Amino acid sequence: MKFGFVKVAAATPYVHIADPLENSKEIIKLINHASSSNVEVLIFPELCVTGYTCGELFLSDITISSVNNVLYDICKSTLGKKTLIFVGSPVWVKDKLYSCAIALQNGKILGVIPKTYLPAYSEFYETRYFTSGENVSSEINICGQDCFFGADIIFSAKNDKSVKIAVEICEDMFVAVPPSCRHAKSGASIIANLSASNELIGKSDYRKTLIKAQSGRLSCGYVYASAGNGESVSDMVFSGHRIIAENGEIIKESSLFEIGLTISEIDTQKFEYERRKLNVFTTDIVDYKIVKFDFDNKNTNLTRKISHLPFVPEDCKSLSDRAELILQMQAQALAQRLKYTNLNAVVGISGGLDSALALLVILRSYKLLNRYLKDIIAITMPGPGTSKKTLKNVHDMSIALGVKIREVSITDALDKHLEDIKHNGTKNITYENAQARERTQILMDIANNEKGLVIGTGDLSENALGWCTYSGDHMSMYAVNASIPKTLVKYLVSYEAQRLKECQKVLTNILNTEITPELLPSKNGEILQKTENIVGPYELCDFFLYYTVRFGNSPDKILFLASKAFGDKYSKKEIKAHLINFIKRFFSNQFKRNCMPDGIKVGTVSLSPRGDWRMPSEARKEQWLDNLK
């Protein structure tokens, strides 16, 4: 698949205990299903050729000879198929029996990987039958084909360097240092786990926790397929749990106790970027057998959901928890800064979203410090563009929150300043920026005069787009919203509206107010200037920002993802136009970000030059724009 996406599937066939012939039919059925679904990598459970619960029958001549026969059939069934398949089977090698993953593609056996760690505790007694594959590395002949045998194999796509697959088997994942750690450090980007993990109360959650953690720790994809229906229930029950994880996140999961396929796509380019960024992740390829396999990277049918709001959790519970955590982080950080400086907060209130959020954070920090709300210095500074609606929002919020807001008009000072610099009266960028700088001057001077600390209200999205006036609203003494994108600002304010019932009406009105800088004269007190008409919809801008900064995606990949996420709302042409505008603004305004004030980092995306993002102001945008041609 293009852009580093690999379509993977975890499979659970119905198992017939100690009947490889019947099991091969179930396996081949799922292979055909996966192939017709354009699956590129398919993982079956541990020992699915025989069933995991065969007991002494593993050692039977009948079982062994039957396994050898059906492996020919399974291998033959893959002829003409591009899917790389891993099937779990017992394999005899030099009079020893191993629990193995057999790699197959297009009629060929590419390698055989034995299980390293064999559990011999509680209900498990694998050492009774099997030999550990630890430190075993050789060549064997299976089904008349020569191939590598050992746990030291990485399957590498011929035409995509980001796709490298290694295997661990069931218990291998549960030990202190799983083989996948070594695989990833040797370059593997996807770990396949063929498992036969029995079900117990709480075990599915534990399993998910391990898989999420391992995929996050190793910056890799993890595909887990476990045994299910048909296994013996003499002592255990198997649920057929199937999990696909990516970089610390479960992206697809099956229900328990169902057979079939769980299909999704894993983004291997994401791992490349993540590993380049994490200088503590060192790659050290030592004594690994690299097996090349054919890989079709032209399929672009993406089935996984791409959230159109990547900064915002989708379910209500997670959103509430996230909102509370972020607000606590902002308030704790601001409280520490106010306590250290022994100053009071000074904040400009416009009647819009960002300043409302900043004031809500200030309220929380004052409560943490046991300070009086009357000591908050909140100022609204109406000018030629101030609308009746936003001014009403300011005064309503003052009453609802119990914070006195003083009003300082900038109109006369603006007129005098423009006259002094011989401005010709045109409502141009000078006219607009002069207002922002006048407001900042008022805030800074009042802060000096009244022992205050100016709290910046600008958000992450505005910093990315350069939607701020240099040395105007661009500057403050502490920027509490600096790493909060606009799409998340809305949800934080909405959360506080639900929590603070006395503020619900005014905060809802603010949420329903058009986003505007109000720097052009209003007509009849109405809002004329709408930000999203200039910079583009914030939901798109934040989407572009997330995938640019968090994962370093190229513009054409971002366009591909955005078209998937927003296809029902914007045409590809519209998305592309907004993306081009975003790239131009993002590159052109780095000089503003290079001198950002301090501000708490709350998420994985920050544009602070002291944190995540260092970029020269002179960086050329042409390559990024050319990528979209």
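In this predicted model, Ser-189 sits in the loop that links helix H3 (179-185) to strand E10 (190-195). With a relative accessibility of just 3%, Ser-189 falls in the buried class, because the limit for that class is under 20%. A polar atom of the Ser-189 side chain lies 2.7 Å from the backbone oxygen of Ser-162. Ser-162 also appears among the residues that Ser-189 touches beyond four places in sequence, together with Val-163, Lys-164, Cys-220, Gly-221, Thr-268, Phe-271 and Arg-275.

Lys-164 leads on to strand E9, which spans residues 164-169 and is joined to E8 by 2 bridges in an antiparallel arrangement. The two strands make a hairpin, with 6 residues between E8 and E9. Within this pairing, Phe-155 stands opposite Ile-165 of E9. E8 has a second partner in strand E15 (residues 289-293), and here the pairing is parallel and runs over 5 bridges. Ser-156 is the residue that faces Lys-292 of E15.

How many of the residues of strand E8 (residues 153-157) are buried? The count is 5 of the 5, so the strand is largely enclosed by the rest of the structure. Cover is present on both faces of E8: one side carries Ile-153, Phe-155 and Ala-157, the other carries Ile-154 and Ser-156, and all of these are buried. Phe-155 and Ser-156 thus belong to opposite sides of the strand, and their partners also lie in separate strands, with Ile-165 in E9 opposite Phe-155 and Lys-292 in E15 opposite Ser-156.

Two loop residues draw attention through their backbone angles. Most residues other than glycine have a negative phi. Asn-106, although not a glycine, has a positive phi of about 50°. Asn-106 is placed in the loop between strand E4 (96-105) and strand E5 (108-114). Cys-143 is also not a glycine and has a positive phi of about 55°; its loop connects strand E6 (137-142) with strand E7 (145-150). Are these two residues buried or partly exposed? Asn-106 is partly exposed, because its relative accessible area is 34%, whereas Cys-143 is buried, because its relative accessible area is 14%.

A further loop residue, Thr-53, is located between strand E2 (41-43) and helix H2 (61-77). What does the side chain of Thr-53 reach? One polar contact is made with the side chain of Glu-231, at 2.7 Å. The Thr-53 side chain also reaches the backbone nitrogen of Ser-232, at 2.9 Å. Glu-231 and Ser-232 are both in the contact list of Thr-53, which also holds Ile-17 and Phe-238 once neighbours within four places in sequence are set aside.

Elsewhere in the chain, 5 strands form an open sheet with parallel pairing, in the order E18-E17-E16-E19-E20. Its edges are strand E18 (405-407) and strand E20 (478-479), each of which pairs on one side only. The E18 edge is held against strand E17 (residues 377-380) by 3 bridges in the parallel sense, and Ile-379 stands opposite Arg-406 of E18.

Val-549 is part of helix H15 (residues 538-550). Val-549 counts as buried because its relative accessibility is 6%. Apart from neighbours within four places in sequence, Val-549 is in contact with Tyr-273, Phe-586, Val-605, Ser-606, Leu-607 and Trp-613. Ile-243 lies 306 residues from Val-549 in sequence, and the C-alpha atoms of the two are 28 Å apart in space.

For the chain as a whole, the model contains 19 helices and 20 strands. Of the 629 residues, 58% are buried. Among contacts with a separation of 6 or more, 73% join residues 24 or more positions apart. Along the principal axes, the C-alpha atoms fill a box of roughly 100 × 50 × 40 Å. The accessible surface comes to about 26,800 Å², with 50% of it belonging to carbon and sulfur atoms. The side chains include 76 positive and 70 negative ones, and the centres of these two sets are 5 Å apart.

Technical notes
Residues numbered from 1 in each chain as written. Predicted model: local features only at pLDDT ≥ 70, side-chain atom pairs only at ≥ 80, totals over all residues. Heavy atoms only, no water. Helix = DSSP H or I, 4+ residues; strand = E, 2+ residues; numbered from the N terminus. Polar contact = N/O pair within 3.5 Å; in protein donor to acceptor, adjacent residues only side chain to side chain. Contact = heavy atoms within 4.5 Å. Buried < 20%, exposed > 50% of the residue type's maximum accessible area, 1.4 Å probe, protein only. Areas by Shrake-Rupley, 256 points an atom, 1.4 Å probe, with all protein chains shown as cover. Lys, Arg positive; Asp, Glu negative; His and termini not counted. Charge placed at Lys NZ, Arg CZ, Asp CG, Glu CD. Pairing = 2+ DSSP bridges.
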